[in-house]
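User: I'd like to learn how to read a structure, one feature at a time. Can you walk me through this one?

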Amino acid sequence: VINLGSVPDYTSIADGSFKDMYIGDYWTIGGVNWRIAAFNYYRNTGDTNVPGNHIVVVPDTSLYSHVMNDTNTTEGGYTGSKMYTEGLEQAKTTINNAFSGHVVTFRAYLCNAVTNGEASGGGWVDSTVDLMNEIMVYGSVVNGASTYGLYNIGTEKSQLPLFALNPQSINTRYSYWLRDIASAAGFARVTLNGTAHHYSASASNAVRPRFLIS
């Protein structure tokens, strides 16, 4: 695992050679370590096919903290949350400044409805910077409640190699949100002590999103 500097080799990403890049390597930009979590994780997914070569990047640390909603509700699902509609804007600005012109917009399937505390609907949306789900982090559903797994999981149905190869990368000593609906009042999260947990939507927890570069 090495520091790749501050400027990614975008040519080697775009052509799929990923020359001298490995899972766990990272770029340090703006005081943040941006770590390689997967190669071509989203290739051949989406209602509009996600083509091309790409790297999934996850920051080592919290970018900042934010609530999922102002009150303890999961109504409207992830895409109906304050986190989705407002809370990721700062992260998008930081990430687009760090990887200017190379952040990929792709099609993701995200939860947009909740019934009786379970994710009950979803839809295809344009995604750039979004929270991870439990599968991506743990490799399994823990607290996610859904009438069908599809609604919390979408196309992000396997553990990111970064977390499979180095479980320590999951544990950051701060609590950060995941996007899975856990109940009528709360979303899933990873806690500062490393437990797979869920919490009330109005609590302020860390924002640790995923995004793609190419």
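User: Let's begin with the overall make-up. How many helices and strands are there in the chain?

Analyst: Keep in mind that this is a predicted model. The chain has six helices and 11 strands. To judge how well such a chain is packed together, set its radius of gyration against the globule rule. Here the radius is 16 Å and the rule gives 17 Å for 214 residues, so the chain is as compact as a globular protein of that length. Along the principal axes, the C-alpha atoms fill a box of roughly 50 × 35 × 30 Å.

User: What percentage of the residues count as buried?

Analyst: Of the 214 residues, 51% are buried. You can also look at the outside: about 8,800 Å² is exposed, and 47% of that comes from carbon and sulfur atoms.

User: And how do I read contacts across the sequence? What share of them link residues 24 or more positions apart?

Analyst: Take the contacts with a separation of 6 or more; 62% of those are between residues 24 or more positions apart.

User: Now a strand. Why would I call S8 largely enclosed by the rest of the structure?

Analyst: Count its buried residues. Strand S8 covers residues 186-190, and five of the five are buried, so the rest of the structure largely encloses it.

User: Which strands does S8 pair with, and in what sense?

Analyst: One partner is strand S7 (residues 176-181), antiparallel to S8 over three bridges. Another is S9, also antiparallel, this time over five bridges. You can follow a single residue across: Arg189 in S8 is the bridge partner of Trp177, and on the other pairing Arg189 has His197 in S9 as its bridge partner.

User: What about the side chains along a strand?

Analyst: As a general idea, side chains in a regular strand alternate between the two faces of the sheet.

User: How many residues join the strands in those hairpins?

Analyst: Four residues link S7 to S8, and five sit between S8 and S9. In the turn of the S8–S9 hairpin, check Gly194, which has a positive phi of about 90 degrees.

User: Let's try single residues. Where is Ala201 found, and is it buried or exposed?

Analyst: First place the residue, then check its accessibility. Ala201 is in the loop between strand S9 (196-200) and strand S10 (205-206). Its relative accessibility is 0%, so Ala201 counts as buried, the cut-off being under 20%.

User: Which residues is Ala201 in contact with?

Analyst: Skip the neighbours within four places in sequence, and the list includes Val67, Met68, Asn69, Trp177 and Phe187. Notice that Trp177 also came up as the bridge partner of Arg189. For a C-alpha distance, take Ser81: it is 120 residues from Ala201 in sequence but 9.0 Å away in space.

User: Where does Gly123 lie, and what does it touch?

Analyst: Gly123 lies in strand S6 (residues 118-127). At 15% relative accessibility, Gly123 is buried. Leaving out residues up to four places away in sequence, Gly123 touches Ala108, Tyr109, Leu110 and Asn112.

User: One last case: is Gly139 buried, partly exposed or exposed?

Analyst: Gly139 is partly exposed, with a relative accessible area of 38%. It is found in the loop between helix H4 (134-138) and helix H5 (150-153). With residues up to four places away set aside, Gly139 touches Glu134 and Gln159. Phe211 is 72 residues from Gly139 in sequence and 18 Å from it in space, C-alpha to C-alpha.

Key:
Residues numbered from 1 in each chain as written. Predicted model: local features only at pLDDT ≥ 70, side-chain atom pairs only at ≥ 80, totals over all residues. Heavy atoms only, no water. Helix = DSSP H or I, 4+ residues; strand = E, 2+ residues; numbered from the N terminus. Buried < 20%, exposed > 50% of the residue type's maximum accessible area, 1.4 Å probe, protein only. Contact = heavy atoms within 4.5 Å. Rg over C-alpha atoms; globule rule 2.2 N^0.38 Å. Areas by Shrake-Rupley, 256 points an atom, 1.4 Å probe, with all protein chains shown as cover. Pairing = 2+ DSSP bridges.
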